[in-house]
Structures are given as structure tokens and as C-alpha cells.
Amino acid sequence: MIKYLRYIVILSFPVACCSFLFTGCKTITISPEEQAKVPDSYTENRDTTNIATIAWKRFFPDTLLQNYIATALSGNLSFQKSLERIQLAQSSLKVAKGSLFPDVNIGLNAGLQRFGDFTMDGVGNSETNNTAGLAEDKHIPNPYSNFALGIGFSWEIDLWGKLTNKKRAALSRWMASQEAARLVQTELIAQVATCYFELVGLDRREAVLKQTIEQSEHARDLAIELKEAGNENQLAVDQFESLVLSLKGELLFNNQEIKARETALSYLMGQFPLSIKRISYEDLQKLDFPINEGIPAQLLQYRPDIREAELELLASKADVASAKASFFPSLVLGGSGGFNSFDAAKWFVSPASLVYDISAGLTAPLFQQNRIRAMWKSAKSNQRIALLNYHEQVLVAYNEVINALMEYESTASRLHYKNEEVKIHIRSVESAEELFKLNFAGYLEVLTAQEKLLKGELEQLDLNTMYCINHVKLYRALGGGWIEE
């Protein structure tokens with residue numbers, strides 16, 4: 001049996017080589033006309049080093065934040081699902097690769113069957129057994145035993161590249177699933193960092209509100225003393241008391257926001273709500289982030305969503321080629337060999353019990369042209385959709401970088417002016433309180449100065465927080481976050 005199977009393989013080898021010559025040299029690529037075009041630069045006079053090449057552990061200098069990111073990457077449920085999708089795509093790739101090779105099976109069968117005396121098989125076997133000269137050991141028994149052991153194979157020769165292109169499509173989608181996981185990782189890191197910086201900003205907001213409440217309570221108590229001395233009225237006391245109550249309500253809302261952010265960050269890490277440790281607001285202002293944005297062409301290399309869209313385009317092109325090959329005939333080789341006998345004692349007697357068969361079939365679609373044509377047109381439509389999606393992702397990525405750069409530059413400039421403004425408000429509050437003590441200024445001046453200072457300090461901390469978040473946005477927009485050290 002092994003000898004005959006060897007002949008089958010030898011005869012099939014030239015056919016397989018011809019199939020490789022037909023399909024193995026045809027690679028699927030994105031043509032220059034399909035390739036996305038991007039401008040030469042984002043803005044003028046910029047360093048061309050892309051911060052996307054920096055590993056996230058080096059981009060974020062805060063060790064507490066690094067630990068939270070590492071926890072999120074190991075515990076976030078959405079990220080874990082994206083990793084499982086890679087395994088699914090890898091399984092599909094293995095299935096597509098397996099279709100290029102022969103399907104070989106081994107079988108072992110044993111059975112018992114009795115033929116009725118008044119049936120065609122029963123009468124025929126009886127006549128056969130009565131044939132003159134037929135050896136006794138070749139008489140067909142009743143009941144009839146059947147013992148079989150053999151190996152069979154079926155091999156579709158990939159003459160036109162249908163199976164090869166299916167494998168290429170599966171390979172591209174497997175690689176696309178890896179890019180999708182990298183995209184999820186990039187988004188996850190950005191969300192964790194943003195939530196963390198917002199928590200630090202909320203801590204500072206809490207401190208500012210508490211400080212303003214103390215100042216307002218002090219001004220209220222002073223207004224009460226001036227009223228008792230006959231130098232102020234109840235209106236001044238009520239105005240300060242109203243401000244204190246309003247600030248306490250704002251403080252409660254701020255504490256609620258802190259709990260919500262802690263819960264959100266815990267969720268990103270795949271954990272139940274817990275208390276989040278973080279750096280101080282002063283340390284946040286000292287964090288040093290790189291700001292180089294690189295050249296636009298690097299987006300095609302580092303943005304996972306663009307790479308995923310490009311691979312999906314290649315997969316769709318392979319689907320089109322595979323669907324087109326369905327119009328042509330298919331060549332299938334097949335065969336089997338083994339031992340078969342109705343007598344167990346002579347089951348493995350060679351060559352008496354040896355059986356084999358070899359076949360080759362060429363089939364072409366005849367009444368399925370409409371279905372195949374519809375599949376081909378559907379594949380071409382999916383290819384056009386994938387091409388549009390590829391160009392759309394490039395455009396979205398470029399605009400995200402532009403917006404992140406403009407927001408970063410605008411925030412930096414606004415923060416400079418806001419810092420100077422807050423210094424002036426601090427002096428104004430100090431002057432207003434001193435004049436109010438001496439009865440040279442009314443309570444309205446003190447209230448106005450305190451409200452402006454509060455507004456300025458809250459805007460200042462929002463800008464400082466946003467300044468850090470802008471670095472995260474730019475890092476994500478350029479495709480950073482998935483490169484490991």
C-alpha cells in the first residue's frame with residue numbers, strides 16, 4: 001500500500017509544481033495609485049523625530065501612572081478580548097493554509113451483515129458460492145463480516161490561485177487583528193493617562209475650593225464684626241454666606257467627580273472601584289514630555305488603525321482574486337489504499353486482501369455562474385470599501401495630529417497668560433481684604449476679587465491638566481503606545 005501511495009505522490013508532484021508556477025509568483029500589493037498621499041509636513045520648522053517610537057514606559061515618567069498602565073494592559077477586559085481575536089484570526093489562517101495540502105484520512109471499519117434468503121444479495125451470494133471451482137475459503141459467508149483498514153486522500157490542486165489567495169486574505173486579516181490589538185492598547189494607555197491626569201487636576205480643584213471657602217468664611221466673619229460695629233449691614237453678611245454655601249456645594253460635586261474618575265480608572269484596569277494613588281499637582285507641573293511630532297509619512301508606519309486598514313485592503317484584494325478563480329475548473333486528485341476482507345484471518349494477507357484506487361477529476365461550474373459572479377462582484381465592492389476606509393483613516397489620522405498640535409500650542413500660550421493673570425488676582429484679593437478691614441472698600445469689591453481669583457485659579461489648573469493631556473493626545477495621534485522597549 002505504501003508503494004502505491006508513493007506513486008500517487010510522485011504523479012501529483014508535477015501538478016503541484018505547475019500550480020505553484022501559476023500562483024506562487026503573483027503577489028498582491030497596493031498600487032501607487034491606491035497608496036495614500038500625505039503632505040510633506042504638519043507645520044514648518046519642526047523636528048522630524050516621531051515620539052511614537054518612544055515606548056510608553058519612557059514617555060510617561062510617573063512611576064504610579066506606569067503601574068496603572070501595566071495593570072490595565074494585563075487586566076482590561078476589552079484589551080483581553082482583542083488578544084483573543086488574534087487567536088481567532090490565527091486559527092482561520094491555519095485553516096486556509098491547510099486547504100493547500102492533501103486531506104489524508106485513515107479508517108478502521110468492522111461490520112456484520114446478514115442477507116435474507118429471498119433477497120437479491122442473498123440469492124446472488126448463494127449462486128456465487130455454488131460456482132464450480134470456487135475455493136472454499138472464498139465462499140461468501142452469511143452473515144457477512146467486513147474488515148477494512150486503509151488510508152485515503154483528497155487533494156484540490158490550486159491551479160488558479162483560489163486557495164492561495166484565501167490563505168493570503170487570512171494572513172492579512174491575522175496581521176490586521178494584531179494591529180487592531182495595538183490600536184486598543186494605544187487607546188487604553190491614552191485613556192488611563194487622561195483619567196489619571198484629570199484626577200490630579202480634581203485634587204488641585206479641591207484644594208483651591210477649600211482655600212477659597214476659608215477666605216470667604218474669614219470675610220464673612222469680618223463682615224459680621226463690622227456689622228456689629230455699625231460699619232456694615234446684613235446684606236454684606238448674606239452675600240458672603242451665600243458664597244460660602246455655593247463653594248461648599250461645588251466642593252461636594254468635585255468630590256463626586258473624583259470618585260467617578262477613580263471608578264473609571266479602576267474599570268480600565270479591570271478591577272472593582274478602589275482608591276487611586278497619584279502625584280501632587282506641583283509634581284504634575286514638573287513632568288517633562290517630548291513634543292516632537294515627526295513627519296506625516298510616519299503615520300503610515302506607526303498608526304495601528306492605518307496599518308489595519310491597509311492590511312484589510314490587501315485581504316479584500318486577495319478575496320477578489322480568489323473569487324475570480326472560482327470561474328475556472330477545479331482539479332481534484334484522490335485515492336485510497338488498504339486491506340479489506342470478510343475473513344479476519346486473511347485480513348492482512350498481501351496482495352490477496354490489498355485494495356486501492358486512484359482518481360483525478362476536473363470540474364467546472366456550469367449552472368452556478370450567477371452565484372459565483374455575485375460573489376465576485378461582492379468581493380470587488382468590499383475591496384472598494386476597504387480602499388475608501390484606508391484613505392479615510394489616513395485623513396483622520398493627519399487631522400488628529402494637526403488638531404493635537406494646535407491644541408497643544410494654544411494651551412501653552414493660554415497657560416502663560418493665565419499664570420500672570422492669577423498673580424494679579426492674588427494681589428487684588430489681598431488688597432481688597434485689607435481695604436475692607438479699614439472700611440475703605442465695600443464687600444462687593446472683596447466678593448468680586450475672590451470670584452475672579454477663584455475663576456482664574458480653576459482655569460489655571462484646567463489648563464495645566466489639559467497641557468499634560470495634550471501630550472497624551474499627540475502621543476496617541478502619532479501612533480505611540482504599542483512599541484515595547
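User: So a salt bridge is a side-chain nitrogen of Lys or Arg within 4 Å of a carboxyl oxygen of Asp or Glu. How many salt bridges does this structure hold?

Analyst: It holds 25 of them. Bear in mind that this is a predicted model: local features need pLDDT of at least 70, side-chain atom pairs count only at pLDDT 80 or more, and totals for chains, interfaces and linings use all residues. Residues are numbered from 1 along each chain as its sequence is written, and side-chain values use heavy atoms, with hydrogens and water left out.

User: Fine. Which residues are linked in a network of salt bridges?

Analyst: Glu187, Arg303, Asp305, Glu400 and Arg476 are linked that way.

User: Take Glu400 and Arg476. How far apart are their closest N and O atoms?

Analyst: In the salt bridge between Glu400 and Arg476, those atoms are 2.8 Å apart. The pair links distant parts of the chain, since Glu400 sits in helix α11 and Arg476 in helix α12, 76 residues apart. Helices here are DSSP runs (H or I, at least four residues), strands are runs of E (at least two), and both are numbered from the N terminus.

User: Is Arg476 buried or exposed?

Analyst: Arg476 is buried, because its relative accessible area is 18%. The cut-offs: buried means under 20% relative accessible area, exposed means over 50%, and partly exposed is in between, using a 1.4 Å probe and protein chains only. Its partner Glu400 has 25%, so Glu400 counts as partly exposed.

User: Which residue does Glu407 pair with?

Analyst: Glu407 forms a salt bridge with Lys473, with the closest N and O atoms 3.3 Å apart. Glu407 lies in helix α11 and Lys473 in helix α12, so this pair ties together parts that are 66 residues apart in sequence. Glu407 is partly exposed at 28%, and Lys473 is partly exposed at 34%.

User: And where do Lys423 and Glu420 lie?

Analyst: Both are in helix α11, 3 residues apart, which is about one turn of the helix. Their side chains meet in a salt bridge at 3.7 Å, N to O. Lys423 is partly exposed, with 47% relative accessible area, and Glu420 counts as partly exposed at 40%.

User: Changing topic: what does Leu209 touch?

Analyst: Not counting residues up to four places away in sequence, Leu209 touches Leu247, Glu250, Leu251, Asn254 and Leu454. Contact means heavy atoms within 4.5 Å. Leu209 is in helix α6 (residues 162–228), and it is buried because its relative accessible area is 1%.

User: How far is Leu209 from Leu458?

Analyst: Their C-alpha atoms are separated by 8.9 Å, although the two residues are 249 apart along the chain. Another such pair is Glu459 and Arg205: 254 residues apart in sequence, 9.7 Å apart in space, C-alpha to C-alpha. Glu459 is in helix α12 and is partly exposed at 28%.

User: At what angle do helices α3 and α4 cross?

Analyst: The axes of α3 (residues 63–75) and α4 (residues 77–98) cross at roughly 50° and come within 6 Å. That makes α3 oblique to α4. Leu73, Ser74 and Gly75 of α3 make the contact with Leu77, Phe79 and Gln80 of α4.

User: What's behind the axes and the word "oblique"?

Analyst: Axes are lines fitted to C-alpha atoms, for helices over the stretch in contact, and angles run from 0 to 180 degrees between N-to-C directions. Angles under 35 degrees count as roughly parallel, over 145 as roughly antiparallel, 65 to 115 as roughly perpendicular, and the rest as oblique.

User: Now the backbone. Which residues does a cis peptide bond join?

Analyst: One cis bond joins Asn142 and Pro143, with omega about 10°. Pro143 is in the loop between α5 (120–129) and β2 (144–157). Another joins Ser350 and Pro351, with omega about 5°. Pro351 is in the loop between β3 (330–341) and β4 (354–363).

User: What is phi of Asn439 near?

Analyst: Phi is near 65°, a positive value in a residue other than glycine. Asn439 lies in the loop between α11 and α12 (443–477) and counts as partly exposed at 40% relative accessibility.
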